[in-house]
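Here is a friendly round of questions about how labels are earned from values. Have a look at the model first, and then we can talk it through.

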Amino acid sequence: MGEMAQKIVKLDLDQLLKVLNEAFAEEWLAYYQYWIAVKVAMGLQRSDIVREFSEHAKEELQHADWVAERIIQLGGTPILTPDDWSKTAECKYITPTKFDVLSLLHDNLAAERCAIERYKKLCDMTDNTDYETFRMSREILQQEIEHEQELEDFLDDLETAKEFMISYCACDTKGE
């Protein structure tokens with residue numbers, strides 16, 4: 001427990017620890033959401049998308065580590081049981097119901113957008129009140145924004161491919 005780390009924080013420490021534990025739980029759920037998507041994904045551009053999901057999973061796990069370290073520095077305890085992750089998290093785990101890459105991309109995009117909101121709120125909460133949590137939150141926010149963009153790019157690519165195939169098939173049936 002860092003005595004000075006706690007003293008220099010200019011906000012309600014219990015509330016900050018609560019929010020950090022919510023973020024910690026969400027990072028574990030995000031890690032698992034990406035990890036399971038890697039295992040079940042099927043369809044067009046699968047290998048590229050699975051590679052991206054694997055990278056995102058690794059980064060979500062790193063975020064969980066950073067948040068846990070910050071919780072401990074502030075004298076708190078990270079959530080200790082996986083059962084409590086889903087109870088604590090505001091950004092929920094989205095159980096895949098379809099395994100096609102398009103559905104998995106949409107599920108993970110929704111999760112990333114929730115994470116962006118989480119870290120925006122943490123940045124707003126800690127700006128000029130807790131410099132270290134602000135720095136960490138800003139770095140995670142930047143990565144979550146990158147994740148969102150990468151997923152949107154894959155969705156755009158798949159939509160372009162779909163439109164091309166539709167127009168190609170329409171031309172082919174007309175004998176052109």
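Q: Which residues form one aromatic cluster with Trp28?
A: Trp28 shares the cluster with Tyr31 and Trp85. Pairing here applies to rings of Phe, Tyr and Trp (its six-membered ring) with centres within 6.5 Å. Bear in mind that this is a predicted model, where local features need pLDDT of at least 70, side-chain atom pairs count only at pLDDT 80 or more, and totals for chains, interfaces and linings use all residues. Residues are numbered from 1 along each chain as its sequence is written, and side-chain values use heavy atoms, with hydrogens and water left out.

Q: How many aromatic pairs does the structure hold, and why is the pair of Tyr34 and Phe53 called tilted?
A: There are five aromatic pairs. The ring centres of Tyr34 and Phe53 are 5.5 Å apart and their planes are at 55 degrees, so the pair counts as tilted: planes under 30 degrees apart would be stacked, over 60 edge-to-face, and the rest are tilted. This pair links distant parts of the chain, with Tyr34 in helix α2 (residues 13-40) and Phe53 in helix α3 (residues 46-73), 19 residues apart. Helices are DSSP runs (H or I, at least four residues), numbered from the N terminus.

Q: What makes the contact between Lys18 and Glu22 a salt bridge?
A: The term asks for a side-chain nitrogen of Lys or Arg within 4 Å of a carboxyl oxygen of Asp or Glu. For Lys18 and Glu22 the N to O distance is 2.6 Å, so the pair meets that limit. Both lie in helix α2, four residues apart, about one turn of the helix. They also belong to a network of salt bridges with Glu26, Glu90 and Arg118.

Q: Why is Glu22 called buried or exposed?
A: Glu22 has a relative accessible area of 6%, so it is buried; buried means under 20%, exposed over 50%, and partly exposed in between (1.4 Å probe, protein chains only). Its partner Lys18, at 43%, is therefore partly exposed.

Q: How do you know that Glu148 and Arg113 form a salt bridge?
A: Their closest N and O atoms are 2.9 Å apart, so the pair fits the definition. The bridge links distant parts of the chain: Glu148 is in helix α6 and Arg113 in helix α5 (residues 101-126), 35 residues apart. Glu148, at 17% relative accessibility, counts as buried, whereas Arg113, at 40%, counts as partly exposed.

Technical notes:
Helix = DSSP H or I, 4+ residues; strand = E, 2+ residues; numbered from the N terminus.
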